[in-house]
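Colleague: Walk me through this model, please. I would like to ask about its strands and its internal space.

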Amino acid sequence: MPNIASATIVWSIEHLLSHGDTDIFPYPLEFRFLADRKSEVADELAKQEIGSYRPMSALESLVPKSRYNFRVAHQLFPIDCVLVTSCVREIGDELERSRLPPDQGPFSYRYAPSDTFAFFAEDCRYGDWLRKQYTRLLFAGDEFAHIIEADISEFYQRIYHHRLENTLLVATTNKPAARFLKQFISDVRARQSFGIPVGGNASRLLAEILLNDTDRALVAEGYEFTRYVDDFRLYLKNGQDPYTALAFLSEHLMTNEGLFLASAKTRVHTLGEYLDKLNMSSGEDTAQADESAAQRLLQEIYDSEDSADAVEALKSEDLIGDLKAELNGEFWDVGRIRVLLRCMKLTKAADAAEFIRGHLRELLPFVKDVVLLIEELVRGGSDLFSGLADEIVKLILDPAAQRLSVTRAWLLELFIRGVIPISYEQAKPLFELKETLDTRQVLVLRGQLSDVNFFRQRKTKIDELNPWVQSAFIYGAHCLPSDEYRAWLGTLKGRLSFPLSDLFCKWADKLV
């Protein structure tokens, strides 16, 4: 069975460290291990025959998508994520060559690995897609009579593994890699026959490849179109009937991919109507900086964050007023709210701290951006959050966050990163949290709070813990006296259930 080259694995580790394993979850604690031991990790994984590797199950969480809507996101165990990213990296050039060019339809996530360890080309983001459409249609004259807007319902969750494997077998000559990816996804998804992990770049490219046949079918049928992930825009010429075009796309997706268009999001526009919409609407692409035509000027200023003039220009904007207006609307422009929060982070606006503190619960759907903003404000000298520990604890335990483990994980980051001080007594209510992601975060926090007795009483039973929790327990337990900690680590060989656990323990030995 084949192996993956060590150099490819090192590149993938660098990619994950630079760009993250997802754009949703906080960075896992194992990233510190990967950063310190990347060469050794790569050498060990390079010995692994990919056909016999079995990953751990993924962490799964509901994530707010809009004011009243949610989606599911996944976080792979970091070693699993390294391996699957490396496998996709090995065949990425072939996968990219199997796709139509961007100007013929598929615009999103064009594979172009860089020296900065980026996976995709910089000009294939959501905002670039909107601008490309606007430019194409603005000067189209009377070439197009109608624009069809349609997207696939629950795309990532409904991808059939067997169909994905067949698509990969066509796209790459590396058949073992194609079969490994199918088996990996099947194992991660608890052996279900459909659905791929949501949130990582490897999954994004695999999802793109699945739609190769659909892209080519539209071209063969004579339709000009553009697509961003599962979001289609068909440009219909005079004589091309919108009903016929939708029927063709729907039938192809249902028959060949087992996928369905979202009827509630299907629209037929005249050219003028769609140009007006492009000029006004923003969309909700949370994975790609949430750019929009409506906020181009604001986004361009934000993108120029190295410029002192740009920061000054942003300071003249009423960011708080704009944010209040968005939050008061019945339906939120999620993309614009995120950009406003990021602009507030850039300018460190004096009134931002007071506003955020007063609207924490309301801003829970944007918890990642809020936490990063609070961190920036605190680092910039704000003391408005220093006494907020009790309120954050209540928010973590609030019914609004009950089913949102990612939301709780980001709020816990405020304590783990030292942004907001918390005492042992204040943290006690958090110790009752039981979900895996919560437990991992709380174990890190207990270690920072030097909860020696907790780790001492439980260290002999670490092999009974969930594998996801074992590494967090080891990391948190480094609050134990150094001799005791090192002696205990020496007893763990062969007892742990997570990948590269022996190498992780050798790394942990250097923490004290």
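Modeller: A cavity here is a set of grid points where a 1.4 Å probe fits but cannot get out. Its volume is the space filled by probe spheres set on the points. Bear in mind that this is a predicted model.

Colleague: How much space lies in the largest cavity?

Modeller: The search covered the whole structure and kept cavities of 30 Å³ or more. It found 1. The space in the largest cavity is about 170 Å³.

Colleague: Which element gives the most to the lining of the largest cavity?

Modeller: The lining has 20 residues, with L76, V84, P197, G200 and S203 nearest the centre. At least two residues each come from α1 (6-19), β2 (69-75), α4 (78-97), α8 (175-188) and α9 (201-210). The top contributor gives 4 residues, and it is α9.

Colleague: How many charged residues are in the lining of the largest cavity?

Modeller: Sort the lining by class. Nonpolar residues number 10 and polar residues 9. The charged count is 1.

Colleague: Is strand β3 mostly covered or mostly uncovered?

Modeller: Buried means under 20% relative accessible area. Strand β3 spans residues 144-151, and 6 of its 8 residues are buried. That makes β3 mostly covered.

Colleague: In β6, what is the bridge partner of I148?

Modeller: β3 runs antiparallel to β5 (residues 231-237), joined by 7 bridges. There, F144 has K237 as its partner in β5. β3 is also antiparallel to β6 (residues 267-270), with 4 bridges. In β6, the partner of I148 is V268.

How values were computed:
Residues are numbered from 1 along each chain as its sequence is written. This is a predicted model: local features need pLDDT of at least 70, side-chain atom pairs count only at pLDDT 80 or more; totals for chains, interfaces and linings use all residues. Side-chain values use heavy atoms; hydrogens and water are left out. Buried means under 20% relative accessible area, exposed over 50%, partly exposed in between (1.4 Å probe, protein chains only). Two strands pair if DSSP finds at least two bridges between them. On a 1 Å grid over the protein atoms alone, a cavity is a set of points where a 1.4 Å probe fits but cannot get out, and a pocket is an open set with protein on both sides within 12 Å along at least five of seven lines; lining residues have an atom within 4 Å of a point. Ala, Val, Leu, Ile, Met, Phe, Trp, Tyr, Cys and Pro count as nonpolar, Asp, Glu, Lys and Arg as charged, and the others, Gly among them, as polar.
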